[in-house]
Amino acid sequence: MQSDILNTDIKYLAGVGPKRAELLNVELNIYTIQDLLFYFPFKHIDRTKFHKIIDITDDYSYIQLRGVIVSIKMEGQKYKQRLTATFADQSGTVELVWFSGVKWILQNLKTNHEYILFGKPNLFNRKFSFVHPELEEIAKLENKITSSLQSFYSISEKLKKNYITSRVISTLMQNAISLIKIDIPESLPKYLIDDLKLMSLSKSIKETHFPTNANSLSNAVFRIKFEELFYIQVQLVKLKYLRISKFKGFAFKKVGHNLNYFYNNKLPFELTNAQKKVIKEIRHDIGSGKQMNRLLQGDVGSGKTLVALMSMLIAIDNEYQTCIMAPTEILANQHFNSISKFVDGMDLDIRILTGSTKAKDRKIIHNDLISGKINILLGTHALLEDIVKFKNLGLVVIDEQHRFGVAQRAKLWKKNINPPHVLVMTATPIPRTLAMTLYGDLDVSVIDELPPGRKAIKTYHYFDNKRLRLFSFLKEQIKEGRQIYIVYPLIKESEKMDYKDLEDGLESISRAFPPPDFTISVVHGKMKSAEKEKAMQLFVKGNAQIMISTTVIEVGVDVPNASVMVIESVERFGLSQLHQLRGRVGRGADQSYCILMSSYKLSKEAKLRIDTMVKTNDGFEIAEADLKLRGPGDIEGTQQSGIAFDLKLANITKDSHILQIARNKAIDILKNDNLLEHSDNQVLVKQLNMKNRHKINWSVIS
Ligand code: ADP
Ligand code: MG
């Protein structure tokens, strides 16, 4: 039977055997013939196209040459032997080098025979060389019927050492495919295949490994990518419907006194159109009787806090309590201060609860929550404790949600009999495609506009030699009444890492900016929270001109008069972190600056990050660049989404158009068949069960 073949242990496949099987198990996670068939090539090279040696430059990755071996030379002693050969085409010569397996190669390599060479050129002593290239003799090749598009498979070092090359995988693949006599059962519903004119699963697998031509390869790849993205979307959209059907939401029907009063008397500025649009979306959600689960994305400084506050006022007008959870105490304090100021004079009870709230005060807060006295509670993780109980919690706001885990967020759902509405906010802009994948069961609102009058922050990259110039620039800024942040990656000097540290920085900054003319405030993670708060207040109130800190100020800190952000050892930071840090300035009407300080030694990636920062202020563009540099696997949250993420071919960044089609199809299907009960959809149920067998089920939690 077909499924028996697919489930056959890989060791029984012709060409494998127990030793290779173990390598395939460990290195590539291939246990069965099916696993092998789903081990897709990472690229295809058109084997009818060759480079000329004379045209090689060092930006090439893998290239293909056609020529002859002119000479072979063995060098070195017994255990340090290396084999070199000269390879020539009509236009020039290159050097080939082998360090291992030399004996075997020496025996098999023939001079004056024509070969196809495949490999990556390295520039060495002004000559191009190829280390361990793949070589195929043309005479032998022409007997084999392979397509002109050859598949290349990722191979680990260990596999290479054991002579399992991409070419070997290809041969094994051929053996596996020859066993498949009838079609592999379809893994997508027939109506979907017909509708999108998808290639069948069997054919797609064959074509991906051994393409007939470029066109059928692209159809095959489309089918496989579509399927991968489609099943993720089906899972996410299904969660969403499940949540809607399972939970009744509180309906906030009234627009009452608090919101009206705030809007007419307290709102210090005109809302931006984006803020208006988002508030409308939220109002619609929380008034609908369905439980809201909404992600609010907005670049740093776009005014999310105000949106949260106005949503909370609606909840309060409908006799519900609300809370905001923030990832740090500094941020919780700041929310407390700014929200208290916004609603100053209104009859609202606002409190703050953090890890450093005293036991006595804690008790009072606990009691006042239960009695319903408190309208708005601000805080950190401390809100999650079981002892924190509300009389009637109606809306939960989670700020900088990427800092919290799924389980933590889940706890807030349980603070009322029916789950409260949830608004999660993030200033780490997530590219749309990733948001759709990660948070596909959330509704997404975007504030895509900054309040008016903000000037784009000017960003510069300086090496250490410009430090004196930096200092005089900072002095000018201070003279104009501005304030300055200087951020360090480390608190203390580290032996392992050659980065600037805060202690050392404080010393040199204190020398350059001495009292009594200058006051410096210092904040870092090792300080007690009362000290931290005191140092923050010194800066917030304008009594210190310079704040020296670690990344504790990364999220949310809002001091509009601060106009310069200096980041030391910028090469140490990731893109989204840099963008967050830069977002601490540019919050007032003055021209703001971000100065990125680095050493001379920069990796290619660090250089790219710095260039991106200098080039753009747009958080979404930066997030896209970040995603490209790091890949989605590294982005916080991908591991926590609770969804079986099995992307072998699809790439969330590059395949966003396929993702969009997949999402629309998933929505169409689940809209008509919430629980996937229709007989046509049983193939979906079967696939989902298979995919989720080993996954934790976070169920309905966003
Ligand atoms: P973030 O989205 O990064 O959390 P904040 O809510 O901290 O941004 O807002 C940044 C600053 O912009 C705050 O000082 C806030 O008072 C101000 N602000 C918010 N909305 C507006 C607006 N519509 N017009 C002018 N300033 C605004
Ligand atoms: Mg904020």
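**Briefing: a 702-residue chain**

Of the chain's 702 residues, 52% count as buried. The model is predicted. Its secondary structure comprises 25 helices and 22 strands. One open sheet of seven strands is described below.

**Overall dimensions and surface**

- Along the principal axes, the C-alpha atoms fill a box of roughly 90 × 70 × 40 Å.
- The exposed area of the chain is about 34000 Å².
- Carbon and sulfur atoms supply 52% of that exposed area.

**Contacts along the sequence**

- Take the contacts between residues at least 6 apart in sequence: 73% of them join residues at least 24 apart.

**Charge**

- The chain carries 98 positive and 77 negative charges.
- The mean positions of these two sets of charges lie 2 Å apart.

**The seven-strand sheet**

- The strand order is β6-β7-β4-β3-β2-β5-β8.
- The sheet is open, and its pairing is mixed.
- Strands β6 (121-124) and β8 (134-137) form the edges. Each of these two strands pairs on one side only.
- From one strand to the next, the twist averages 40°.

**The β3 and β4 pair**

- Strand β3 covers residues 82-89, and strand β4 covers residues 92-98.
- These two strands run antiparallel and are joined by seven bridges.
- Asp-89 stands opposite Gly-92 in β4.
- In the sheet order, β4 and β3 sit between β7 and β2.

How values were computed:
Residues numbered from 1 in each chain as written. Chains lettered and ligands numbered in written order. Predicted model: local features only at pLDDT ≥ 70, side-chain atom pairs only at ≥ 80, totals over all residues. Heavy atoms only, no water. Helix = DSSP H or I, 4+ residues; strand = E, 2+ residues; numbered from the N terminus. Buried < 20%, exposed > 50% of the residue type's maximum accessible area, 1.4 Å probe, protein only. Contact = heavy atoms within 4.5 Å. Areas by Shrake-Rupley, 256 points an atom, 1.4 Å probe, with all protein chains shown as cover. Lys, Arg positive; Asp, Glu negative; His and termini not counted. Charge placed at Lys NZ, Arg CZ, Asp CG, Glu CD. Pairing = 2+ DSSP bridges. Axes fitted to C-alpha atoms, helices over the stretch in contact; angles between N-to-C directions.
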